[in-house]
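Biologist: Before we discuss anything, could you put the structure in front of me, and then take me through the reasoning behind the words you use for it?

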Amino acid sequence: MAAKEVAGSLPVPNVQQLASSSNVVPIRYIRPELKLQRVSSDDEYVQVPVVDMSKLDGNDGGELAKLHSACRDWGFFQVINHGVGEGVILKMKADIQEFFSQPIQVKMDSAQLPDSIEGYGQAFVVSEEQKLDWGDMLFIITQPINRRNVGLWPKIPSSFRATLEQYSTELEKLARCLLTSMARNLGLESEKLLTTFNEGLQGMRMNYYPPCEQANKVIGLAPHSDGSGLTLLTQVNEVQGLQIRKDGKWVPIHPIQGAFIVNIGDMIEIMSNGEYKSIEHRAIVNHKKERLSIAAFHNPNANVMIGPLPDILIKDQKQQAAKYKSISHQDYMKLAGKIKLDGKDKGFIHHMKIQTE
């Protein structure tokens, strides 16, 4: 989502610094509701679907069906053989780790500006009473090029800018490949979906979740669904923490080495008229080890209408009822900016649904 289309955050303490200086967790980070939430046990655990991109490129019907089921029934999946070079991924991981290892003064050179979520800090902090997430982030707009604010791009490590530019380009290609296959599964001409994402915003959220001795009482990232179109996630280190809500329980995702975790965002759910699902998810923290991840959000073009695609609403030559409103991208982003993602709201998608008797 665009940094200047959404209200900025109030300044809050740096969690990495807070965690390293004290074992006492401030009350604003304590989440009493966590005790009441159910997490799948090892006996109940089921891995999210794994999609082989090399088979999708070969028009493998079975793999296309697996992708379709993943988008429809899970909203999350992992992709392997995705074509993004291992060296590109490893370099991005190394540079992110180096950035977060810098002294606070260095990281603050990329600090968020007023009325913007772009930069180093936290997102969607809108009141002094709001519960806070146990984590810091660096959010950067990477595509299109004319939307970049390179003044916020870290100067340390010196390779960061070149690394992020290459990583950004490769993930945009991967996102378009996935959208092409999704369009086919939805019975659309690929261009009908791809053109809505031409010159769309790509934003990178790089997350740092410090360890916490009271990890069962804090949350790294509160439950939410992504307001964007499509998200590609890379786990930087070996510490797990991503969980999705499935059948009333929180299900942990165990990342496959070298894979990307992909999830459907609210905009794709709306465009598909609910056939594909944007799923609520969260990030928990580890009591001994830090966790780092990189989420790349891909959005439609700012000039498109956000609503069910016309071709989706025609099945078997019959007009189907739209389950979601259609509004301009600008109005959608204004709506998104008004919704506080503090763990109590299920996300933007709830406000877009057409209520029926």
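**Two residues of one helix, and the chain around them**

Modeller: Let us begin with Ser-181, which has its place in helix α6, a helix that covers residues 160–185; please keep in mind throughout that this is a predicted model.

Biologist: Why is Ser-181 called buried?

Modeller: The relative accessible area of Ser-181 is 8%, and the word buried is used for values under 20%, so Ser-181 with its 8% is rightly called buried.

Biologist: Which residues does Ser-181 touch, leaving aside those up to four places away in sequence?

Modeller: Ser-181 touches Leu-56, Leu-64 and Leu-67, where a contact means that heavy atoms lie within 4.5 Å.

Biologist: What makes Arg-161 count as partly exposed?

Modeller: Arg-161, which also lies in helix α6, has a relative accessible area of 30%; since buried means under 20% and exposed means over 50%, with partly exposed in between, the value of 30% puts Arg-161 in the partly exposed class.

Biologist: Which residues does Arg-161 touch, again without those up to four places away in sequence?

Modeller: Arg-161 touches Val-150, Trp-153, Pro-154 and Lys-155. As for Ile-80, Arg-161 is 81 residues from it in sequence and 26 Å from it in space, taken from C-alpha to C-alpha.

Biologist: Turning to the protein chain, how many helices and strands does its secondary structure come to?

Modeller: The protein chain has 10 helices and 16 strands. With a radius of gyration of 20 Å, close to the 21 Å that the globule rule gives for 357 residues, the protein chain is as compact as a globular protein of that length.

Biologist: What share of the residues of the protein chain counts as buried?

Modeller: Of the 357 residues, 55% count as buried, by the cut-off of under 20% relative accessible area that we applied to Ser-181. Among contacts between residues at least 6 apart in sequence, moreover, 79% join residues at least 24 apart.

Biologist: What supplies the area that the protein chain exposes?

Modeller: The protein chain exposes about 16200 Å², and carbon and sulfur atoms supply 51% of that area.

Biologist: Which residues does UniProt list for the Fe2OG dioxygenase domain?

Modeller: The UniProt entry, which is unreviewed, lists residues 200–300 for "domain: Fe2OG dioxygenase". In the model, the chain over residues 200–300 is 6% helix and 43% strand, and the end C-alpha atoms of this stretch are 5 Å apart.

Conventions:
Residues numbered from 1 in each chain as written. Predicted model: local features only at pLDDT ≥ 70, side-chain atom pairs only at ≥ 80, totals over all residues. Heavy atoms only, no water. Helix = DSSP H or I, 4+ residues; strand = E, 2+ residues; numbered from the N terminus. Rg over C-alpha atoms; globule rule 2.2 N^0.38 Å. Buried < 20%, exposed > 50% of the residue type's maximum accessible area, 1.4 Å probe, protein only. Areas by Shrake-Rupley, 256 points an atom, 1.4 Å probe, with all protein chains shown as cover. UniProt positions renumbered as here; feature names shortened; annotations may be inferred.
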